[in-house]
2 protein chains.
Amino acid sequence: MRENKYDDAAFFQKYSQMDRSREGLDGAGEWSELQKLLPDFSGKRVLDLGCGYGWHCRYAAEHGASQVLGVDISYRMLERAREINETPVIVYRRAAMEDLVLPDASCDVVLSSLAFHYVRDFEPLVARIRRFLPTGGTFVFSVEHPVFTAHGSQDWYYDQAGNILHFPVDNYYYEGPREATFLGEKVIKYHRTLTTYLGTLLQNGFALRQVVEPQPPAHMLNRPGMRDEMRRPMMLLVAAEAV
Amino acid sequence: MRENKYDDAAFFQKYSQMDRSREGLDGAGEWSELQKLLPDFSGKRVLDLGCGYGWHCRYAAEHGASQVLGVDISYRMLERAREINETPVIVYRRAAMEDLVLPDASCDVVLSSLAFHYVRDFEPLVARIRRFLPTGGTFVFSVEHPVFTAHGSQDWYYDQAGNILHFPVDNYYYEGPREATFLGEKVIKYHRTLTTYLGTLLQNGFALRQVVEPQPPAHMLNRPGMRDEMRRPMMLLVAAEAV
């Protein structure tokens, strides 16, 4: 069974209320950093794994991509993507990314935003993505940071008065499922070390171009909780090139 | 003033009692992983920045290096290095690595073990190291992991009964000095994010070859405290190539 919490009606309802859902790319704290890692999309064939509402698909389309394939396992997500982020060059397809079959070298750019931490087996997925790309192709993704996924609670550690003391890290080298609470619902995410994220790329035909832990942009620091985002890394962004 | 706690007599005395000091490379939990990142030393000119007792210098010499320059700011360290790890191809020199002047492309391999977290300004050092190397040259180093340096205490967080609860991360994006207690003495170390460590290499003419957070080897897990090392990353190892 592939992780697909987003077709749970209650969960999806809460997700749809998040800033990143209501405001699109500009509502996502990491967007300004992720944007810098993206290639020139002109004339490119783009694949977005775990496309969700399709914001990145639309961005690629509006920046010249010749075709965009958005893949997601959630029909609710795709339904919404087709409503709000449809353009003539985008095709949305329902599939688990782990099972996706495409011809070799059929994409120039593979994107994935905050989806790989739902995937149990990273290595076969990366090997598969490498085959989707020709040499010189671009692979850009974001995941929850290993610091954020290690402990499992995905929450700060508080004092008795409810003040944040710090963020807890534990069981770092024990990779595998963590049951976290996200939007008040139980969600299974997979913790992997940084060693695994980067080493899997290096061992499967990718060169690392950029590795970035995004800080919240200055103009978002006044949003609730955003200043605390300076206290621990929540996300990891990686740009790699097929070599 | 460059950090040089190792010439403090009390500190040096305690350091000399650590497994890594008494047993050399085999007493260092990360050695088995670091060793895998090292290049073939045959005929190579090797520079070791922060060489300490000279264990890595000797390893390079015994594996075919044609010349080895070990640099350290501590005269106590170098005195000991000359006593226990002297070979005809090794030269030990007292200098702060930040001030070291060498001809361009005069080294084939630059090593540094657990020294860069004492350096305030990483970028000029990396730019300098790049000039020491020809294209194709190898740069391998270990540092304390950003997870380990962020909070500053470098200690676990305990419950009231003294049991380890987890490892605290805080102030991750605020780079700079941290006053840690190491071997019972106050030591200033510099916290940097992973973004800074890897991005500085990528922006200064290096390609990343391996990025490894070393786990303790199975045969050391019965040493005191070593099993807890599975709970958070303490070190980061990087192998890069001058491109």
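# A tour of the two chains

Start at Gly64(B), just after helix α4(B): this glycine takes a positive phi of about 100 degrees. Keep in mind that the model is predicted.

**Stop 1: helix α4 of chain B.** Step back from Gly64(B) and select residues 55-62 of chain B, which make up helix α4. Color His56(B), Cys57(B), Tyr59(B), Ala60(B) and Ala61(B): these residues are buried. What covers them? Show α3 (31-37), β1, β2 (67-72), β3 (90-94) and β4 of chain B, which are included in the cover.

**Stop 2: helix α6 of chain B.** Now select residues 122-132 of chain B. Which residues of this helix are buried? They are Phe122(B), Leu125(B), Val126(B), Ala127(B), Ile129(B), Arg130(B) and Phe132(B). An α-helix has 3.6 residues a turn, so residues three or four places apart point the same way. Next, bring up the surroundings. The cover over the buried residues of α6(B) includes the strands β1 (45-49), β4 (109-113), β5 (138-144), β10 (206-212) and β11 (235-242) of chain B. Helix α8 (194-202) of chain B is also part of that cover.

**Stop 3: α6 against α8 in chain A.** Move to chain A and select helix α6 (residues 122-132) with helix α8 (residues 194-202). Their axes come within 10 Å and cross at roughly 35 degrees. The crossing of α6(A) and α8(A) is right-handed. Show side chains at the contact. From α6(A) come Phe122(A), Glu123(A) and Val126(A). From α8(A), Thr196(A), Tyr197(A), Thr200(A) and Leu201(A) meet them. By class, this contact has 4 nonpolar, 2 polar and 1 charged residues.

**Stop 4: aromatic rings.** Show the aromatic side chains in both chains. How many aromatic pairs does a search of the whole structure find? The count is 37 over all chains. Zoom in on Tyr15(A) and Tyr53(A), an edge-to-face pair with 5.6 Å centre to centre and 90 degrees between the planes. Tyr15(A) sits in helix α1 (residues 9-15) of chain A, while Tyr53(A) lies in the loop between β1 (45-49) and α4 (55-62). The pair links distant parts of the chain, 38 residues apart. Are these two rings buried or exposed? Tyr15(A) has a relative accessible area of 12% and Tyr53(A) one of 3%, so both count as buried, the cut-off being under 20%.

Jump to chain B for another pair. The ring centres of Tyr6(B) and Tyr15(B) are 5.1 Å apart, with planes at 90 degrees, so this pair is edge-to-face too. Both tyrosines are buried.

**Stop 5: around Tyr15(A).** Return to chain A. Select Tyr6(A), Phe11(A), Phe12(A), Tyr15(A), Tyr53(A), Tyr118(A) and Phe182(A): ring pairs link them into a cluster. Then center on Tyr15(A). Leaving aside residues up to four places away in sequence, Tyr15(A) touches Tyr6(A), Arg20(A), Ser21(A), Tyr53(A), Met77(A) and Leu183(A). Pick out Leu183(A). This leucine is 168 residues from Tyr15(A) in sequence, but 7.1 Å away in space, C-alpha to C-alpha.

**Last stop: the two chains together.** Zoom out to show chains A and B. A rotation of 180 degrees, with 0.0 Å of shift along its axis, superposes chain B on chain A with an RMSD of 0.0 Å. That is the relation of a two-fold axis. To find the axis, select Pro168(B): of the residues of chain B, this proline comes closest, at 2.5 Å (C-alpha). The same surface serves both copies, with 97% of the contact residues of chain B recurring in chain A.

How values were computed. Residues are numbered from 1 along each chain as its sequence is written. Chains are lettered from A and ligands numbered from 1 in the order in which they are written. This is a predicted model: local features need pLDDT of at least 70, side-chain atom pairs count only at pLDDT 80 or more; totals for chains, interfaces and linings use all residues. Side-chain values use heavy atoms; hydrogens and water are left out. Axes are lines fitted to C-alpha atoms, for helices over the stretch in contact, and angles run from 0 to 180 degrees between N-to-C directions. Helices (H or I, at least four residues) and strands (E, at least two) are DSSP runs, numbered from the N terminus. A crossing is left-handed if the near helix is turned anticlockwise from the far one by less than a right angle, and right-handed if clockwise. Contact means heavy atoms within 4.5 Å. Ala, Val, Leu, Ile, Met, Phe, Trp, Tyr, Cys and Pro count as nonpolar, Asp, Glu, Lys and Arg as charged, and the others, Gly among them, as polar. Copies are superposed by least squares on the C-alpha atoms of residues with pLDDT of at least 70 in both. Rings of Phe, Tyr and Trp (its six-membered ring) pair if their centres lie within 6.5 Å; planes under 30 degrees apart count as stacked, over 60 as edge-to-face and the rest as tilted. Buried means under 20% relative accessible area, exposed over 50%, partly exposed in between (1.4 Å probe, protein chains only).
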